[in-house]
Structure formats: C-alpha cells, structure tokens
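Please read the following walk through the structure with the sequence and the coordinates at hand. The text moves from strand pairing to helices and charged pairs, and then to the surface.

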Amino acid sequence: MIESISVGIDIVDINRFRKLDYKKNSRFFDRIFSQSEIKYCLEFKNSEEHFAGKFAVKESVRKCIGKNIKFKDIITFHEKNKPRVEVKNKPRYFFKVSITHEQNIAAAVVLCEKLIR
C-alpha cells in the first residue's frame with residue numbers, strides 16, 4: 001500500500017557540465033556520481049548531457065524525500081532503456097523517472113511513492 005506520493009522536478013543548464021572536463025574535475029564528479037553512473041555517462045560523445053540529466057534526477061529525488069540525502073546515495077541506472085532510481089537505505093520508496101535534454105537544458109521529473117510496511 002502507498003503511504004504518500006510526492007513529485008520532484010529539476011532543470012539543469014548543461015553548460016555547467018560542459019565547462020567541467022571530467023579528467024580535470026574527477027573529484028567533483030566522484031562526490032556526486034557513482035562509478036557506474038560515471039562510466040555510463042562517459043560512454044557518450046556528449047557525456048555532459050547525461051551528467052546533467054543524472055544530476056537533475058538526483059535533485060528531483062532530494063526534492064521528493066528530503067535534501068538530507070547524499071547525492072551518492074541516490075543511484076541512477078537504466079533498465080530496459082528506461083531510467084530508474086534507487087536510494088541506499090530507503091527500501092520503502094518506489095520511483096518513476098523521466099529525463100530529457102535539449103540543446104542547453106536537461107530536466108528530470110521524479111514521482112515517488114512511499115510504501116507502508
């Protein structure tokens with residue numbers, strides 16, 4: 001059963017990530033993204049769009065369930081070509097995720113269902 005439902009949305013300027021070369025700023029990326037997220041983004045020629053999209057997802061999740069959650073505790077991944085999210089130590093939450101990016105903007109919307117145990 002569902003205890004509550006919340007929504008988070010975030011928009012990110014992709015240029016913020018275009019200005020950050022991964023090799024020169026790896027410590028910054030390591031504070032926010034898991035190694036699997038970094039590997040996924042770096043597989044793309046336009047990795048900054050993917051980093052910005054994942055960042056938008058993480059911010060959206062924080063808006064849904066609280067800003068006290070660390071970025072690295074929010075894990076984004078793809079399953080059957082759909083974006084997914086899990087949060088470490090938060091098994092009672094189920095997320096539906098949508099990510100988009102266009103030119104200089106990345107955006108994400110997250111629907112969060114808190115389940116009753």
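Within strand E3, Arg84 is the bridge partner of Phe77. The model is a predicted one, and this pair is a convenient place to enter it. The two strands involved are E2, residues 74-79, and E3, residues 82-87, which pair in the antiparallel sense over 6 bridges. Another of the pairings places Glu79 opposite Lys82, its bridge partner in E3. Together E2 and E3 make a hairpin, with 2 residues between the strands. In that turn, Lys80 has a positive phi of about 55°.

Arg84 also takes part in a side-chain contact. It forms a salt bridge with Glu79, and the closest N and O atoms are 2.6 Å apart. Are these two side chains buried or exposed? Arg84 has a relative accessible area of 24% and is therefore partly exposed. Glu79 is partly exposed as well, because its relative accessible area is 39%. Both values fall between the limits of 20% for buried and 50% for exposed.

Strand E3 contains a proline, Pro83. At 22% relative accessibility, Pro83 counts as partly exposed, since a buried residue would have to be under 20%. Pro83 can also be used to step to another part of the chain: its C-alpha lies 6.8 Å from that of Ser98, although the two residues are 15 apart in sequence.

A second set of strands forms an open sheet. It has 3 strands in the order E1-E5-E4, with antiparallel pairing. The edge strands are E1 and E4, the latter covering 93-102, and each of them pairs on one side only. From one strand to the next, the twist averages 10°. E1 spans residues 2-13, and 11 bridges join it to E5, residues 105-115, in an antiparallel run. One of the pairings sets Ile5 against Glu113, its bridge partner in E5.

The helical part can be read through H4, residues 47-65. How far apart should the ends of this helix be? With 19 residues at 1.5 Å a residue, the expected span is 27 Å, and the end C-alpha atoms are 27 Å apart, so the two values agree. The expected span takes 1.5 Å times one less than the number of residues. H4 is mostly covered, with 18 of its 19 residues buried. Just after the helix, Gly66 takes a positive phi of about 125°.

Charged residues occur within this covered helix. Side chains of opposite charge can pair when their charged atoms come close. The structure holds 8 salt bridges. Among them is the one between Lys58 and Glu37, in which the closest N and O atoms are 3.0 Å apart. This pair links distant parts of the chain, since Lys58 is in helix H4 and Glu37 is in helix H3, residues 35-42, with their positions 21 residues apart in the numbering. Lys58 has a relative accessible area of 0% and so is buried. Glu37 is also at 0% relative accessibility and therefore counts as buried.

A salt bridge inside H4 joins Arg62 to Glu59, with the closest N and O atoms 3.8 Å apart. Both residues lie in the helix, 3 residues apart, which is about one turn. Arg62 is buried, and so is Glu59. Elsewhere, Glu3, Arg92 and Lys114 are linked in a network of salt bridges.

The last stop is the surface, where Ile5 comes up again. Ile5 sits in strand E1. Its relative accessible area is 52%, and it is therefore exposed, the limit for that class being over 50%. Which residues make up the nonpolar surface patch of about 320 Å²? The patch is made by Ile2, Ile5, Phe94 and Leu115. Ile5 thus has two roles in this account: it is a member of that patch, and its bridge partner in E5 is Glu113.

Technical notes:
Residues are numbered from 1 along each chain as its sequence is written. This is a predicted model: local features need pLDDT of at least 70, side-chain atom pairs count only at pLDDT 80 or more; totals for chains, interfaces and linings use all residues. Side-chain values use heavy atoms; hydrogens and water are left out. Patches are made of residues with over 30% relative accessible area and no salt bridge: like charges are joined within 9 Å, nonpolar side chains (Val, Leu, Ile, Met, Phe, Trp, Tyr) within 5 Å. Accessible areas come from the Shrake-Rupley method with a 1.4 Å probe; for residues, only the protein chains shown count as cover. A salt bridge is a side-chain nitrogen of Lys or Arg within 4 Å of a carboxyl oxygen of Asp or Glu. Helices (H or I, at least four residues) and strands (E, at least two) are DSSP runs, numbered from the N terminus. Buried means under 20% relative accessible area, exposed over 50%, partly exposed in between (1.4 Å probe, protein chains only). Two strands pair if DSSP finds at least two bridges between them. Axes are lines fitted to C-alpha atoms, for helices over the stretch in contact, and angles run from 0 to 180 degrees between N-to-C directions.
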